[in-house]
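Open the model in your viewer and keep the selection panel at hand. Each stop below says what to select and what is there.

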Amino acid sequence: MTPLPLQRSFRHGVHPAEHKEATEHLPLERMPFVDRYVLPLGQHIGAPCRAVVRAGDRVRRGQLIAEPGGFVSIGLHSPVSGRVLDVGPHRHPNGQLVAAIRIEADPYSSQQITPGPTADPASLGLDEFLSHVQLAGLVGLGGAAFPSHVKYKLPEGKACERLLINGCECEPYLTCDHRVMVERPEAVVRGVELLAERLGAASSWIGVEMNKPDGFDALSRCVPAGATINISPLSVKYPQGAEKMLIEALFGEEVPAGKLPIDLGIVVNNVATMASLADSFDRGIPLIERALTVAGPGVDRPANLIVPIGTPIRDVLAHCGINQATRQVVMGGPMMGMPLATLDAPVLKGTSGLLAFTEDIVNHPTEYACVRARAGRYEDLEKSYVMDCMECGACTYTCPSGVPIVHLIRAAKLTIRQKKANKA
Amino acid sequence: MTPRDPHLLLQAAPFLRRGITTPRLMTEVVIGLGPVVLAACYYFGLSALLVLAATSAGAVAAEVALGSARPRGASIRDGSAILTGLVLGLTLPPGIPLWMACIGGLVAVGLGKLPFGGLGQNLFNPALIGRAFLQAAFPGALTSWTSQAGPSSFFHVHPSSLALPFMQAAPDALASATPLGMMKFEHHATAFSDLLLGNTSGSLGETCGLVILICGIVMAIRRVFDWRIPVCILLTVLAVSGAIWAFGQGRYPSPWFMLGSGGLLLGAIYMATDPVTSPMSPRGAWIFGAGVGVLVVLIRLWGGLPEGVMYAILLMNAATPLIDRVSQPRPLGRGRAVA
């Protein structure tokens, strides 16, 4: 047995039960096509897309159906061949009614992807490279869905020295990034190579938490000899997948508050994003589907699925055998995810997981008196750096008194922002 | 298009909890006190149990009667009142009249905790407030130490235990001095092994250092409390009293005697670690522990009383808000200079 490599980590953090055992060994499988798809025009951070199709139009799988609505915006593609039903209001997973393109799948279609343009990133100019990424609809697949090309457009005077790829997947239950690393390591490494070359990064790092030793091994095997890609083992801790934590874990450097990783010459991306980047350049496949984990005691057949973007969540859960005991469905991980009010909302580009929770999980213990209650004012909270909070939820997770601390912090941040806006 | 699936529950993230609640923590400490209570019964017989029952009854009664939670008495669920009562009882002499012990419990919760707003708001450790009150109100009873009953006479109850309120307690024939008292007033040091095994007189819970130490280590491993506080207190006492002992050969007690005698172990492990009244950050814990350690040595060697653990912890309790302010952890990405 080879000695375990040194595993790095950041200071502090928590160790929630991982709950990954139900799905971590399940290969990625394809979600079958369903009847209807819903594609919200705003499912990324930034300006919504502009629809370029109208009700009744026939669309092919992989066809551009909405174009970027600004610089911080991306292209949107049809996940199926079929017919556009309408462009109108539909439920977003966050509960709001938003503009969305609804597409009815053609039941007789072979659902062959119509590839878009392929390109050799090395031969493209920077602007062509960025616009290819933008039109392919690429966003960070870790959950925030931040348009990738915006991240790759380095600010004036900044250079990317290190490319850091996030393979932590520190949220409990989620195993889709894990499976991507195990099953598509060559695509991940290819994405890293082309991006590092394009950005001029001197070195690339893939940080993998060591509850995924097979993912670590698979990636390590794919790295060609003499490459500048380092696969770095990390010990398991939450929230290591937060980019500032990851930077501290790997490099021992702190991103100053209010600054971005690029201020340290670092660009951070998720592993699955790298695979989709490689697909978009080498195979001409835009972002029309993604890997996600369906798990929790509320589904009978937990799975790692490749799901077309826009598939109604109800269909995904039905495919995995959602049972009557389900009391809560969460999009994303159990620490930072979003509870769903309706299952009619679709899978988005940023959907990393769908968790069905039962009574025993959603029933939290009573709230007890805080053992360190201290009344304070919002001004004092600001001095306690409340605005630096990234809402990872570790405080609420740990609190013995059952106080929903992170929720109170969210409220405080909102109030402080409103007060400032009122003053201005 | 349904706007909402009515059976779905909407809550804010995170959806997972560690599952360690305040009552569970309190229960862990009460269980951690179990061996100390047993040792007290072994050395002091039935009297020990009676005193502990009296202080706990007083503390719980105060919480039920005066606790502010709605419905009335609901705050009893967190388990902190009974813990306060037990800890207070362990700091009292075995022969204390039970009515005094009960008043101590009432005062601990009724004055030491509830007027501040209940659990989490109190500045001082409630059990020590109760003890400080008793020491001020009944100095005689609090300093008459009875020697051990021993296992053979378990059912022997000290006559003074059953004294009626405000009546003169019957003089106890078995009165003896504590190791710290003998050191202070007669300059006689007790052997470290006797201190560890409990072959001395003293408060109910303080005589058997070994049991306290083992319980403390187990609880620290289970992360019931911040291990830094007791470790820092004990190390500071060792270092400071060791330095003084080395300079004034023969005039001052050895550091090992300082470590094993009196309520130091009991106080360091069960009282100074109270999460309500000790600093929150690791750095604060070190400052707090060092402060308690220095004060214990100062009071013991040069103060008027033989024992100083109680006042040392209470004084550092008072300093805790200040310590918290200066030891606020530095967030990621913020330089030290940011105020």
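**Domains of chain A**

Begin with chain A, coloured by domain. The domain assignment gives domain 1 as residues 127-282 and domain 2 as residues 378-423. Bear in mind that this is a predicted model. The centres of the two domains of chain A, taken over C-alpha atoms, are 29 Å apart. How many residues of domain 1 of chain A are in contact with domain 2 of chain A? There are 4, and they meet 4 residues of domain 2. On the domain 1 side, the touching residues are 4 nonpolar, with no polar and no charged ones.

**The parallel sheet**

Now select strands E9, E10, E11 and E12 of chain A. These 4 strands make an open sheet, ordered E11-E10-E9-E12, with parallel pairing. The edges are E11 (229-234) and E12 (266-270) of chain A, each of which pairs on one side only. From one strand to the next, the twist averages 25°.

Zoom in on E9 (residues 162-167) of chain A. E9(A) runs parallel to E12(A), and 5 bridges join the two. To see one bridge pair, select A:Arg162 in chain A and its partner in E12(A), A:Ile266.

**Helices across the sheet**

Add helix H6 of chain A, residues 243-251. H6(A) lies across E9, E10 (203-209), E11 and E12 of chain A, at about 110° to E9(A). Next add helix H7 of chain A, residues 271-282. H7(A) lies across E9, E10 and E12 of chain A and runs at about 85° to E12(A).

Stay by H6(A) and go to the loop between E11 and H6 of chain A, where A:Pro239 is placed. Is the peptide bond from A:Tyr238 to A:Pro239 cis or trans? It is cis, with omega near -5°.

**Antiparallel strands**

Move to strand E8 of chain A, residues 97-105. What pairs with it?

- Strand E2 (residues 36-40) of chain A pairs with E8(A) in the antiparallel sense, over 5 bridges. Select A:Tyr37 and its bridge partner in E8(A), A:Ile103.
- Strand E7 (residues 82-91) of chain A also pairs with E8(A) in the antiparallel sense, over 9 bridges. Here A:Arg83 stands opposite A:Glu104 in E8(A).

The hairpin of E7(A) and E8(A) has 5 residues between its strands. In that hairpin, select A:Gly95, which takes a positive phi near 100°.

**Two histidines**

Go to the segment before strand E1 (29-30) of chain A and pick A:His12. Its phi is near 65°, a positive value in a residue other than glycine. A:His19 lies in the segment before E1 of chain A too. The phi of A:His19 is also positive, near 55°.

Are they buried or exposed? A:His12 has 12 C-beta neighbours inside 10 Å, so it counts as exposed. A:His19 has 21 C-beta neighbours inside 10 Å, so it counts as buried.

**Chain B and the contact**

Switch to chain B, which has 14 helices and 2 strands. Of its 339 residues, 52% count as buried. Among contacts in chain B between residues at least 6 apart in sequence, 75% join residues at least 24 apart.

Find B:Pro14 in the segment before helix H1 (22-44) of chain B. The peptide bond leading to it from B:Ala13 is cis, with omega near 0°.

Finally, show both chains. The contact takes 34 residues from chain B and 46 from chain A. Colour the chain B side by class: 18 of its residues are nonpolar, 10 polar and 6 charged.

Conventions: Residues numbered from 1 in each chain as written. Chains lettered and ligands numbered in written order. Predicted model: local features only at pLDDT ≥ 70, side-chain atom pairs only at ≥ 80, totals over all residues. Pairing = 2+ DSSP bridges. Axes fitted to C-alpha atoms, helices over the stretch in contact; angles between N-to-C directions. Contact = placed C-beta atoms within 7 Å. Nonpolar A, V, L, I, M, F, W, Y, C, P; charged D, E, K, R; others polar. Buried ≥ 20, exposed ≤ 12 C-beta atoms within 10 Å, placed from the backbone. Domains from an automatic or database assignment.
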